[in-house]
Amino acid sequence: MSSRDHWGNKLGFILAAVGSAVGLGNIWKFPYVVGKNGGGAFILIYLACIILVGIPILITEIYIGKKSQLNPVGAFRFFQKGKVPFSPIGYAGVLCGVMILSYYSVITGWICHYLMLSFRGFSGTETEISTIFDHLNATPWLNVAWHTFVMVTVMLILMKGVMKGIEKASKILMPTLGILLIVLVCYSLTLDGMKDAWHFLTYPDFSKVTGGSLLEALGTSFFTLSLGMGAMITYGSYLKGDVNITKSAVQIASVDTLIAFLAGLVIFPIVFSNGLEPSAGPGLIFKTLPVLFAKMPGGHIVSIAFFALVLFAAITSAISLLEVAVSFVVDEYKFSRIKAILIMGTVIWVLGILSAVSSWNIGGVPFLDIFDKISSCYMLPLGGLGTALVFAWAISNEQKYAEIGSKPINKILLFAAKYVAPLLLLVVFLREIGLF
Ligand code: TRP
């Protein structure tokens with residue numbers, strides 16, 4: 001395993017992990033989920049989920065990867081003690097990544113389409129603009145073309161390797177994303193709706209919070225930190241030497257949360273300034289924002305910046321999803337990296353066509369929604385639970401302290417990883433399958 005590629009330095013790892021974490025989940029999903037659940041109070045619950053479950057599981061995944069220096073399947077096998085095989089958790093993770101990337105790439109393709117349209121500028125009436133999305137949805141070849149473009153781009157970046165491909169792409173794309181986001185927040189600060197937006201995001205109105213909000217907060221925090229399917233195990237496996245895992249996990253989660261919050265600060269002032277409902281749902285950035293870009297001063301530039309930002313965020317996340325499958329094939333079947341990328345990329349591309357053709361469905365439910373539901377509602381919490389259980393019961397405290405340290409803060413986080421996180425994940429899963 002000495003030929004294993006590694007990160008060039010700690011910053012490279014952090015940026016790549018942040019690149020994986022920050023994606024459509026932060027910029028597209030987080031604002032609309034917050035909008036749906038009433039704002040500030042939901043954000044508090046979300047923060048609690050990040051601290052109590054997100055960070056502990058992130059530490060767990062990085063630890064498992066770094067110690068084993070293997071892909072998720074190999075990593076779980078590495079920690080197996082008795083007869084019960086652990087590797088199925090890894091196999092499920094690889095499968096889950098394949099599934100998520102297949103539709104994630106299609107949505108990223110929509111972003112590409114809107115970025116292209118931004119260069120021309122949005123114009124026309126509200127109905128005309130919102131039909132763009134319907135038209136895109138009803139044109140399979142266009143979706144397949146963009147999906148192909150995204151997959152090829154991601155595959156080309158991965159072919160350059162871990163350090164030269166993933167790390168370099170993250171080092172360029174993540175700071176650019178940060179700058180674009182700050183520019184957009186400055187722009188939103190000038191809007192009349194900023195006051196309402198700030199109030200909406202920070203005032204905790206617990207009357208809007210339901211039992212479902214807790215589940216949604218936990219699910220969103222899990223998805224946005226890229227947990228539950230081995231992405232952070234894989235990135236952890238490219239770490240070597242002395243790395244403070246707790247500190248890294250806190251940094252990754254903080255940046256991820258900050259970016260989600262800033263994305264909210266960009267989107268909600270635009271929404272409030274124009275009298276839109278914050279609870280507009282998943283169509284928020286595709287159907288409503290372009291309407292506003294068409295009429296606001298400087299909207300042309302703002303829309304280019306906005307969709308470029310989302311695209312960068314999505315590409316670095318897609319990279320991490322494909323890397324899980326690639327590292328699995330390279331480690332387990334000893335394929336060359338290029339061959340592994342070509343094979344797994346093609347498999348995912350073919351699977352993604354099911355999501356790209358929106359008229360194909362099972363019982364009226366489009367494939368994109370089916371894959372999203374299976375992967376993020378069932379497989380991720382279950383994968384997270386499996387990971388937490390292995391970490392809790394198959395690895396001794398001494399081993400953990402030796403790697404992670406035994407300062408009080410580490411002890412608290414390890415306690416959360418052992419008891420709090422699995423319990424909450426179990427509750428979420430049982431609730432998802434409708435047991436209560
Ligand atoms: N975290 C990314 C986002 O917020 C998506 C993502 C990348 C992901 N890799 C993952 C989600 C692994 C779950 C598991 O958009």
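**Exercise 1. Polar contacts of the ligand**

Task: In this predicted model, determine which backbone atoms lie at polar-contact distance from the ligand, and how much of the ligand surface the protein buries.

Solution.

Step 1. Begin with F223, where a polar backbone atom lies 2.9 Å from a nitrogen atom of the ligand.

Step 2. Turn to the backbone of A21, which places a polar atom 2.9 Å from an oxygen atom of the ligand.

Step 3. Examine S20, whose backbone has a polar atom 3.2 Å from a ligand nitrogen. The cut-off for a polar contact is 3.5 Å, and the distances for F223, A21 and S20 satisfy it.

Step 4. Consider the surface. The ligand taken alone exposes 360 Å², and the protein buries 100% of that area.

**Exercise 2. The shell around the ligand**

Task: Describe the shell of residues around the ligand by its nearest members, its helices and its chemical classes.

Solution.

Step 1. The ligand is surrounded by 17 residues, and those that come nearest are A21, G25, Y104, F223 and S226.

Step 2. Assign the shell to elements. At least two shell residues come from each of α1 (10-21), α2 (24-36), α5 (87-120), α10 (211-224) and α14 (299-333).

Step 3. Sort the shell by class: nine residues are nonpolar, eight are polar and none is charged.

**Exercise 3. The enclosed space**

Task: State how many cavities of 30 Å³ or more the structure holds, and what takes up the space of the largest cavity.

Solution.

Step 1. A search of the whole structure yields one cavity of 30 Å³ or more. The volume of the largest cavity is about 150 Å³.

Step 2. Identify the lining. It consists of 18 residues, with S20, Y104, F223, S226 and L321 lying nearest the centre of the cavity. Two or more lining residues are given by each of α1, α2, α5, α10 and α14.

Step 3. Classify this lining: ten residues are nonpolar, eight polar and none charged.

Step 4. Identify the occupant. The largest cavity is the space taken by the ligand.

**Exercise 4. The open pockets**

Task: Characterise the largest pocket and the second largest pocket by volume, lining and class.

Solution.

Step 1. The largest pocket holds about 960 Å³ of space. Its lining comprises 42 residues, and W28, K29, Y32, D372 and S376 are the closest to its centre.

Step 2. Locate the contributing helices. α2, α5, α6 (126-137), α10, α15 (337-356), α16 (367-394) and α18 (408-432) each give at least two residues to the lining of the largest pocket. The greatest contribution is that of α16, with nine residues.

Step 3. By class, the lining of the largest pocket contains 26 nonpolar, nine polar and seven charged residues.

Step 4. Proceed to the second largest pocket, with about 240 Å³ of space. This pocket is lined by 13 residues, of which S3, R4, D5, V330 and D331 are the closest to its centre.

Step 5. α14 supplies the largest share of the lining of the second largest pocket, namely five residues. That lining divides into five nonpolar, two polar and six charged residues.

How values were computed. Residues are numbered from 1 along each chain as its sequence is written. This is a predicted model: local features need pLDDT of at least 70, side-chain atom pairs count only at pLDDT 80 or more; totals for chains, interfaces and linings use all residues. Side-chain values use heavy atoms; hydrogens and water are left out. A residue is near a molecule or strand if one of its heavy atoms lies within 4 Å of it. A polar contact is a pair of N or O atoms within 3.5 Å; within protein, one must be able to donate a hydrogen and the other to accept it, and residues adjacent in sequence count only if both atoms are side-chain atoms. Accessible areas come from the Shrake-Rupley method with a 1.4 Å probe; for residues, only the protein chains shown count as cover. On a 1 Å grid over the protein atoms alone, a cavity is a set of points where a 1.4 Å probe fits but cannot get out, and a pocket is an open set with protein on both sides within 12 Å along at least five of seven lines; lining residues have an atom within 4 Å of a point. A molecule sits in a cavity or pocket if more than half of its atoms lie within 2 Å of its grid points. Helices (H or I, at least four residues) and strands (E, at least two) are DSSP runs, numbered from the N terminus. Ala, Val, Leu, Ile, Met, Phe, Trp, Tyr, Cys and Pro count as nonpolar, Asp, Glu, Lys and Arg as charged, and the others, Gly among them, as polar. Grid points are joined across faces, edges and corners, and a volume is the space filled by probe spheres set on the points.
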